[in-house]
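I'm opening a fresh page for this one. My plan is to pick one strand, follow what surrounds it, and then look elsewhere in the chain.

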Amino acid sequence: MNTTHSMAHVIPRLALLTASFLCISVAVLAAEENPCPKPKISECPKPVGDEVPELLSPPAANGVSVCLITRTDTNPYFVKMKEGATARAGELGMQLRTYAGKIDGDSESQVAAIESCISDGAKGILITASDTKGIVPTVKKARDAGISVIALDTPLEPIDAADATFTTNNFKAGAQIGAWAKAQLGDAAKDAKIAYMDLNPTQPTVDVQRDQGFMDGFGIDAKDGNKIGDEDDPRNVCHEVTNGDEEGGRKAMENCLQKDQGINLVYTVNELAAAGAYQALRAVGMEHNVLIVSVSGSCSGLKNVEGGVIGATSQELPMQMAILGINAIAMAANGKKVTGFFDSGANLVTDKPMAGVESIDTATGIKLCWG
């Protein structure tokens, strides 16, 4: 468990960054015409500005204590989330404590963090849950104690176990890269051999939605959209877990290659897993024969898109999620609790645009990246 206490003042650079990020993100949200191509797993996330415009300019909440609990503190995605939460909490006069699991999937540390936040008298908790079902009883304990709980990035199961959720529409993010991969492969898509680099065995919602969204975009029947691995399309060679890191991605790819060395398409849950998968492919001389797609949009990930390691990625906005989460806690502290499921936006980033698949290039994506 890693714990960091907040700044008591605003760092000017971060304050400017959060302000500009809000402007960028509002534009992205406004562009979302069909945020749920297939709302099979959960209800559609809604654009923030349309639903609760006050979330973009909340009142101060001087002295209010809030906790941020992420899955790890090493993944650049969560580092950027922490940066956004820290800056916004400082701007609004709030006291922030941050916690993180030892590895992705470490739910025990997250449970202990919630217990600490309850004991410390926190008024709000922001959490990216590792076990979206298993954490619910502890979340209920916090809410019963009068604490507002906001899920970031990964909806809880059920989704209303949290007061509100700010997240990428992960199904759509997966569908974006699936549609791009199908277009990129052309006629060869009907005979593709696909490896899936998933997150962890608990199948958190972010993991399921990206995986199933990819299949939807590629044109594969995912069967039960709430479960990974039950489909029967012969193009799917394997599903392996990566814990969302490079070493996990490398081992998962090695396992898949043992099943079929004809794999020519790799879906990855994030860009760290993609980098590991690429290492495994390069070790056997296959790096030029396999197309890799991913989700995240980190600066290092976009460099890999630019360098041809990853063909395309769906870019998330983690700083925006955290800023909106802090704003929601500030509003609750001022007597207006925010409830609902909100989309923080995503862009498909590639330097190989395909007709009929909307995308931006890496030069544009790098202006919005994190990590």
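**Starting at E8**

I began with strand E8 and asked which of its residues are buried on each side. On one side I found Ile194, Tyr196 and Asp198, and on the other Ala195 and Met197; all are buried, so both faces of E8 are covered. Side chains in a regular strand alternate between the two faces of the sheet. The count agrees: E8 spans residues 194-198, and 5 of its 5 residues are buried. A note to self: this is a predicted model.

**Neighbours of E8**

Next I looked up the strands that pair with E8. Strand E9 (residues 236-241) runs parallel to E8, with 5 bridges between them. I traced one of these: isoleucine 194 has asparagine 236 as its bridge partner in E9. To get from E8 to E9 the chain goes through H7, and this β-α-β crossover is right-handed.

Strand E10 (residues 265-268) also pairs with E8 in the parallel sense, this time over 4 bridges. Isoleucine 194 turns up again here, with leucine 265 as its bridge partner in E10.

**A stop in H7**

Since the crossover passes through H7, I picked a residue there. Glutamine 212 sits in this helix, which covers residues 205-218. Is glutamine 212 buried or exposed? Its relative accessible area is 2%, and the cut-off for buried is under 20%, so glutamine 212 counts as buried. I also checked what its side chain reaches: the backbone oxygen of lysine 227, at 3.5 Å.

**Over to H5**

Then I moved to helix H5 (residues 136-144), where I noted Val136, Thr138, Val139 and Ala142 as buried. Why do they lie on the same side of H5? Because the arc they cover around the axis is only 160°. Pro137 and Asp144, on the other side of H5, are exposed.

What do the buried residues of H5 pack against? I found helix H4 (107-119), strand E5 (124-127) and strand E6 (148-152). After H5 comes glycine 146, and its phi is positive, near 90°.

**The whole chain**

Last, I zoomed out. The chain has 371 residues, of which 58% are buried, and I listed 12 helices and 14 strands. For contacts between residues at least 6 apart in sequence, 74% join residues at least 24 apart. The exposed area of the chain is about 14000 Å², with 51% of it from carbon and sulfur atoms.

Methods. Residues are numbered from 1 along each chain as its sequence is written. This is a predicted model: local features need pLDDT of at least 70, side-chain atom pairs count only at pLDDT 80 or more; totals for chains, interfaces and linings use all residues. Side-chain values use heavy atoms; hydrogens and water are left out. Helices (H or I, at least four residues) and strands (E, at least two) are DSSP runs, numbered from the N terminus. Buried means under 20% relative accessible area, exposed over 50%, partly exposed in between (1.4 Å probe, protein chains only). A polar contact is a pair of N or O atoms within 3.5 Å; within protein, one must be able to donate a hydrogen and the other to accept it, and residues adjacent in sequence count only if both atoms are side-chain atoms. Two strands pair if DSSP finds at least two bridges between them. A crossover is right-handed if, with the strands pointing away from the viewer, the path from the first strand over the helix to the second runs clockwise. Contact means heavy atoms within 4.5 Å. Accessible areas come from the Shrake-Rupley method with a 1.4 Å probe; for residues, only the protein chains shown count as cover. The arc is that of the directions from the helix axis to the C-beta atoms.
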